[in-house]
Structure formats: C-alpha cells, structure tokens
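Reader: I would like to learn how to read a model like this one, feature by feature. Could you walk me through it?

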Amino acid sequence: MSDYLTKQLQRYFRYDSFRPGQKEIIGDVLKGCDVLGILPTGSGKSLCYQLPSRLLSDLTVVVSPLISLMVDQVRETKAFHFKEVAALHSLLSYEERTDILTNLHRYKIVYLSPELLQNRQIIGALKKRKVSLFVIDEAHCISQWGHDFRPDYLRLKLAIDLLGNPPLLALSGTVTAEIEQDILEQLERPAMKVHRYPLEQKNIALVVEKLKRNKTKDERLVEILRQKDVPTIIYFSSKQRAEETARLLKEQLPDREIAYYHGDLDPESRLKIQQQFLYDQVEIICATSAFGMGINKPNIRLVIHYHMPPDKESFIQEIGRAARDGKESVSILLFEEGDQQLPFKLIESELPTEQEIRKFLDFLYILHERNEPLPKDYVHVSEMLHIHETKIKLLKFHFETHGIIEDNKVCFDEASWKRTMAKIRQLIDARKRVKQKNVMNMLHYVHSEHCLRQELYKGFQRRTETEKANCCSVCGLSLPDVFKRMDETKKPKTHPEKSWKQRLAKLLEVGE
Amino acid sequence: MLLEAIILYCLKQIDRERTINSIYHLLLGKPSIQTIQDAHLYGLERFYALYKTLDKRSFAEQVKQLNENSYIEHVSHEHFVVTVKGKTMLEKFDLAKYYWNGMKFHQIDSAFFERLLLFIQVWTNAKNHNFRYIPIVENPKTLHWAKRLFHREPKNYDVRLKQLYEELVRIFDKLPPIYPEMFIRQITTAEKIGLTFEQLANALKKPVSDIRLLHMNYVHFMLEELSAYPKQYPLLSSFVQGLNDATNETTLTNSANITLSYIKRGFPLAEIAKRRKLKLNTIYDHIVEIALHDDNFPIEPFVSREKQDEIFKAAEKLKTRKLKLIKEAVGEDIDYFQIRLALTKRHRSNGEKR
C-alpha cells in the first residue's frame, strides 16, 4: 500500500515523498474510514484529499469557508495540470453554476461553500454524480467554542446525511483537544480516526517586542526592516492602517518594493500582488488577515504583527506562512500598552446587541403580521435595519434552529419566542465569553515570562522542542544574530538606461 | 487631470441640457439607448465606455473638485455649466490629440488586451519550458482562446515571439515613449508579473485615473491601426478576430434584434408590441437603437420627410437637443418617438463625429 501510494504521488504530483502525516491520513481515507486530520498550515493539507480524489471512482466534495480560498485552491490545482476541479459559490453567475452542475461528470473535485449545501438542486446533482469522499476544510469552524465558528457549518451534518453518508475527511490547522471532541460530536462520528501532528514550526523564532513610550511602532518597524532585506508580511487588523503604513514605508525605504493587500482590492490586483510576492518582485506586504491563505511561498522569512490577532489560532496560522522551505525565520509581535483594547472592542461590535436582537424580532413580527416572507437577500435586510450582515446571518440561523423562521416564513407563538430570546441571549453571551477568553490567551502569550513557544502551543500539543538559544525572546534569542544567519533577497538587476525596445526584446526573449 | 478635462469637455458639449449623472453613465458605458443616443447627439461617442471601472464615489469627488476650483458651477441641483476659468483650463488639454474611440471599440478593447497579455505570458513561459504558473487573466473565454491557439503550434514560440516583438515595435514607434513604457510594465512574462494600475500610477507619478485613460488611449490606437492596416500586423490582427465587432449587427441587443426581424417581415409596431408582450415604448426604444446602429435603416415609415424637416428646423432654431423644447416648438402631430428617431438621422447627415 505504502509503495503504491508513493508511486501515485510521483505519478500525479511529481513529488518524491510524503510530508509527515499525509501518507497515514491518505491510507485511512482510502480504506473508507472517517478521518480528522490536524496538520499545521503549509504542510500540504490539500494533498490529503487531492491524491485520494484521483484514486477514488466518484466525486470528492470539499467544503471550504471562504470563497477567496476556494478560488486560490482551484487556481493552484489547475497549475498542477489537475484540471478536473471546479468551485461552486454564491459569486458565480447563474449560467456558470448551471454549467458546472450539468457537467459534474467532468470533475473529480468540487469545492463548495457551506451555504450552498442547503440548495436542493445542488444536493440532487451531487447525489446523482455520487460522492466518494466528503471533505470539510477548516473543520474547527463547526465548533461554537472555536475561534472561527460559522453557523453554516452546523448544517453540514444534514447535507452529509442527504448525500448518503459518504466517508468524511475533516481537516484543520489548529484544533485544541476540547474542540476536537466537539467536532466529532457535531458530525456524530465518535469513531472518527484522529491524526494529530505537531503544529509547532521549529524554524520560526518567536519574538514579542513591547514598545516603550519613546518609540512608535512605525519607527521600530522601519528599524527592523532596515536591518534585514527579506520577504516579509506585516499583519494589521485594519485595512486603512495597512494601506497607510505601506505608504509610509515606501517613503522611508524607497529602495524596497512594498505593496498592500486587503479584501477591498479588485480581484485582478489581488491576483497580481500575490503573484508579485511569489516572484520576489514585491518584498514587503502590508496586509490584513485576508492575505496568505492558499499562498505557498517557500521563502517568507519574517512575519510581523503590527496588531495583535484576536486568538492564538489565527496567530499560529499567520506565522505559519513563514519558513515553508524549512529555513530559519522569525515572528515579531509588536505590542504597546492599549493594544489589548482593540480586540475586545471588536468582539462587542461583532456580536448582536440586545437592542439589535429586539429590532430584528420587531421586524420579524411585522413580517408575520403582513404575512410576508423574510427577504432572501441579507444585504437588503442589513441595510434596512442598520445591522451588520454577519449579525443578521447569525440571528437568522438561531431563529431557524428554534423554529421561528421556517422556509423563510415567520411562525409566531409568544411563549416560544420568549424562550428562544432567552436562549439566544445565552448563546451570544457564551460566544462572547469564548472570544474574550481567546483574547486573554493571546495576551498571556504577549506577557508570558516563560518560554513563548510553550505558552503558544499549550493546548495544541504536549511538548515543544527547540534549542533554547533559537527559541524565543524570553529564552534569550538575539534578533541581530538570527538576521545575520539569513540570506538577503536577491534582487533582479534592472537596466533602466536601456531603451524600451531593448527592454521589450529582453522581456519577450528575442535577440535584437 | 485627464478625467477632469473629459468631464469639463462633456459638460461643455451637453451645455446644461443633461444632468451630471449622464456623463457618469457615458464614461461607464451604460448600455441604455438614452446614453448611447446622447453620446451621438452631443458628439461624445469617443468617451462612451472609456472608463468602465469608474466608481460613483470617485466621479462625485472629481465633480466636487471641479466645483470647488470654480471650473464649473451649479445651475440646478443636477446640472452644471463650465465657467470661463473652466474653458481656459480645458483649452490647455488638447483632447483632440488622443485616439479614444469608445463607441467603436468598447466591446472589444478589454478582450483584445487580455488576449495580448495572456499571449505574452503563455508564450514566454513555453519558451522557458515552464508549464506550472497561474494565468494572469481569469476570463474563461480568453483562456480558452489561448489554449486553442497554443495547441495549434506548441513549438513555434521563437517565431511567434519574434513576430510579436516586431509588430509591437512597429505600432509603438508611432506613439510617444510613455506608452511603450507603460506597456512594458504592465505585461507579465516568464520572468515577472505585470504591475496593477495603482502600481503603475505610483511608478510614473501620475494619478490612477490618468493611467487608466492613457492605457485606453494606446489600446484604442492599436485597434484603429489594426483595423486600418491589418496586413502590416498579421499576428496582432488575429487577436481581434472573433471578438464582437461594434459595427456588426449582432451587437444590437437581442431584444432589438427580434423587433428588427418583425419589422423586416412587415409587422406594424403596435402588433409587434402585442405579440412580444412588450410596451409600445420599448419597441420605440428598439427602433431608435436600430437606427443608431444601421445608417441605412429607413426611418421614413415612422417619421415622414416633412416631419423630419420640421424637427430639424426647430432644433436648429432653438439650438437645443432637449426633446421637451423641440416638442413644444413643433406641431402636435409629432410625438417624442419621432423626434428621437429624426435626431438619429440628423447626426448622420451632418457626418460630424467630433
């Protein structure tokens, strides 16, 4: 079996060997077991279903939470000459969607956003095609205790039943033991085989820098970037700040190529900037958390957090984009007093307030009185009530699970509404507490007086192993020493003095 | 700066007869017959769909700037007029030297450029025997086109790249050097990824809107050149083949096409509306659209020669293209539809485009 798998790997992907965990997970998947795979980001999670999809007779369905991630994955898979892939999501036009659905037999892998699993037409088409393997990417999204809970993920179980219970493969980069249990329960597969591999990336040194009053983050940032010219991502929690800082850095470091990246850029620019970073044309990216998923750049050496992320899971994922080539890299988190307030404020603004819940209920009551259905368009409802779309989505989800909304129709019963209200309040409070706890855990990391590595991976794995000296800023790491050991980016030589004709000839590779 | 000049020019042309929003629709290339007819009426064809990515906010911001700098002033809530200061400023921009021709090329310009970009990426990578890369163009139609072309002669990259180089040099030699400079930075090859418009604007120290408009300028120049001398550019000309041609009948909206087929079979307009379950006004829109598209489409069955003359005279006398004013000045037996239709004709007989 093992030789056979390696041969197939070479045949389809031209890799010589598996990375840790891949072969074990794929072996179990091909045996037809339900599997939960917990592998660090960048360790080739997607291969765990891509290779089986080649060897299984029918379709592999992959549920993925973010459309942009899906699109990136399809693009990358196609670049590997694996063309039988498609993505179904809400941004497709009616024609594009119908085209994929009527030609399902052409595909081996179909990526799907979770909300589409409620669509009967889609379930019907998938059932007809037959599903060999059902993959849940970012499986932690199913847990209400996780950092990235998505209500749509709770509907997966129903869709899996409707598809005739095909074998499952759940994958995640960051799952604590607690959430692991919850995933098995939510999917109702207690016998699922769990494969857990260490998340820790030994090649990434951890540094926390607490700034004193006499220096701003921007000044320190410029200092660090001046010391070393290597591929760098700087993470921000606001789009505006990412853009502003990119502008400032361009002024301070005119000889570096710097770009910014966030969700508001048009798709063409997003693709180009990702690619420029891959080609080492852009060296420093100022980004929000939207950047990095699905990007496989081997030589990222430095990940700086300008703002503290809201939980350790996000932090581990983001620093995990460095050192994919196994070479030494650094994570630097910049912290100044007051930084802790921002994530707590964000939590307040992310979850519906008491007033918003009431407003939504009043709205439902009016619909009930008028005997009108709930508009399908979230954006429309959101604009009408001045409540953020994600909150509407969350409220609608809870009202649906409690039978207040059924098939977009409002069902009124005073007693049950009161009970539901109380339940929803409880749920929102619980969710708030989870998020607050996550921020606290992140703060423990920032303020830790013992090894940062141990603090960070606590709950995710038992032991950490790194040589003391290269471990973290608490264990005595010296940033200048690490920098000294790193290679600088090789810059392509430019010849601006040449005429445009000479440059064009060179670019098109024709001798003049 | 260029965008400001274009807005000024358009405002001057429509001379308070249309709202400021009509200019936004024009630049965006709104496919409504009103916008298209306005473009013809006021000699603004070249600006139609010249800035397809213009967002409402930046347009409003430009208008605000023009107003604050007293280049334009309000005459009513939605109407502006160009001030003397604005006219002086407009003269400094010699808009006539640009090659924009939106009405002619708006349906093929982006597709043509996408093909050119993708061709360069695919063929330079092929030359390096690299087949693992992410295409810089995502439009499935363009990808399909490149794939078919490539499979026809997968080994011929040296010849094709040389040919492309020669044709590009021939065409760019006719333009100021800023255009090839832009082009070189925009293309993606085996070695490098092209710049975004914003990056290009930073590199050349110009506003993004200027860069987009200069980009359209050289693309339209190329298209004009290719349609005038296709034999000099066999490879580049082949990139245009199969793209929708604006002079073609097929670019009529589908619905107008169906109406046309009924007219050809001799159905009266009211009957067409009834059979197609459409409003008569919609059928009128179709007739205007057809007349704008086809110079030889006879409008006499709908508005007689005498009525046409009466309409022209009123328009000349009042120096206006406002339908309402013309309507008040002509006989009661002439309706709005006939005025609109006659005006398509006048634009033609004058033969003036700019």
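Author: We will go from the overall form of one chain to its burial, then to cores and salt bridges. Please keep in mind that this is a predicted model.

Reader: Let's begin with the overall picture. How many helices and strands are there in chain B?

Author: Chain B has 19 helices and two strands. Its C-alpha atoms fill a box of roughly 75 × 55 × 35 Å along the principal axes.

Reader: What share of the residues of chain B count as buried?

Author: Of its 354 residues, 52% count as buried. The surface can be read alongside that: chain B exposes about 17300 Å², and carbon and sulfur atoms supply 51% of this area.

Reader: And how do I read its contacts and charges?

Author: For contacts, look at the separation in sequence. Among contacts in chain B between residues at least 6 apart, 66% join residues at least 24 apart. For charges, look at their mean positions: those of the 54 positive and 43 negative charges of chain B are 3 Å apart.

Reader: Could we try a single residue? Is His286(B) buried or exposed?

Author: His286(B) is buried, because its relative accessible area is 6% and the cut-off for buried is under 20%. This residue sits in helix H16 of chain B, which covers residues 280-293. Beyond residues up to four places away in sequence, His286(B) touches Ser255(B), Ala256(B), Thr259(B), Arg276(B) and Leu278(B).

Reader: Now the cores, please. Which residues have the most contacts inside the largest nonpolar core?

Author: The general idea is that nonpolar side chains tend to be buried together in soluble globular proteins. Here the largest nonpolar core has 130 residues, and Phe134(A), Ile234(A), Leu364(A) and Tyr445(A) have the most contacts inside it. Helix H17 of chain A, residues 414-447, gives this core its largest share, nine residues. A second, separate core has 129 residues, including Cys10(B), Phe221(B), Leu236(B) and Ile334(B).

Reader: What does Phe134(A) contact, leaving aside its neighbours within four places in sequence?

Author: Its partners include Val61(A), Val63(A), Leu117(A), Leu156(A), Ile160(A) and Pro166(A).

Reader: Next, how many salt bridges are there over all chains?

Author: The count comes to 50. A good way to read one is to check the distance, then the burial of each partner, then the elements that carry them. Take Asp28(A) and Lys31(A): their closest N and O atoms are 3.4 Å apart. Asp28(A) is buried, with a relative accessible area of 5%, whereas Lys31(A) is exposed at 61%.

Reader: Which other side chain meets Asp28(A) in a salt bridge?

Author: Lys193(A) does, with an N to O distance of 3.4 Å. Lys193(A) lies in strand S7 and Asp28(A) in helix H2 of chain A, so the pair ties together parts that are 165 residues apart in sequence. Lys193(A) counts as partly exposed, at 37% relative accessibility.

Reader: How far apart are the closest N and O atoms of Arg189(A) and Asp34(A)?

Author: They are 2.9 Å apart, in another salt bridge. Arg189(A) lies in the loop between helix H8 and S7, and Asp34(A) in the loop between H2 and strand S1, so this pair ties together parts of chain A that are 155 residues apart in sequence. Both Arg189(A) and Asp34(A) are buried.

Reader: Which residues are linked in a network of salt bridges?

Author: Asp152(A), Arg155(A), Lys393(A), Lys396(A) and Glu400(A) are linked in such a network.

Notes
Residues are numbered from 1 along each chain as its sequence is written. Chains are lettered from A and ligands numbered from 1 in the order in which they are written. This is a predicted model: local features need pLDDT of at least 70, side-chain atom pairs count only at pLDDT 80 or more; totals for chains, interfaces and linings use all residues. Side-chain values use heavy atoms; hydrogens and water are left out. Helices (H or I, at least four residues) and strands (E, at least two) are DSSP runs, numbered from the N terminus. Buried means under 20% relative accessible area, exposed over 50%, partly exposed in between (1.4 Å probe, protein chains only). Contact means heavy atoms within 4.5 Å. Accessible areas come from the Shrake-Rupley method with a 1.4 Å probe; for residues, only the protein chains shown count as cover. Lys and Arg count as positive and Asp and Glu as negative; His and the chain ends are not counted. The place of a charge is taken as NZ of Lys, CZ of Arg, CG of Asp or CD of Glu. A nonpolar core is a set of buried Ala, Val, Leu, Ile, Met, Phe, Trp, Tyr and Cys residues joined through side-chain atoms within 4.5 Å. A salt bridge is a side-chain nitrogen of Lys or Arg within 4 Å of a carboxyl oxygen of Asp or Glu.
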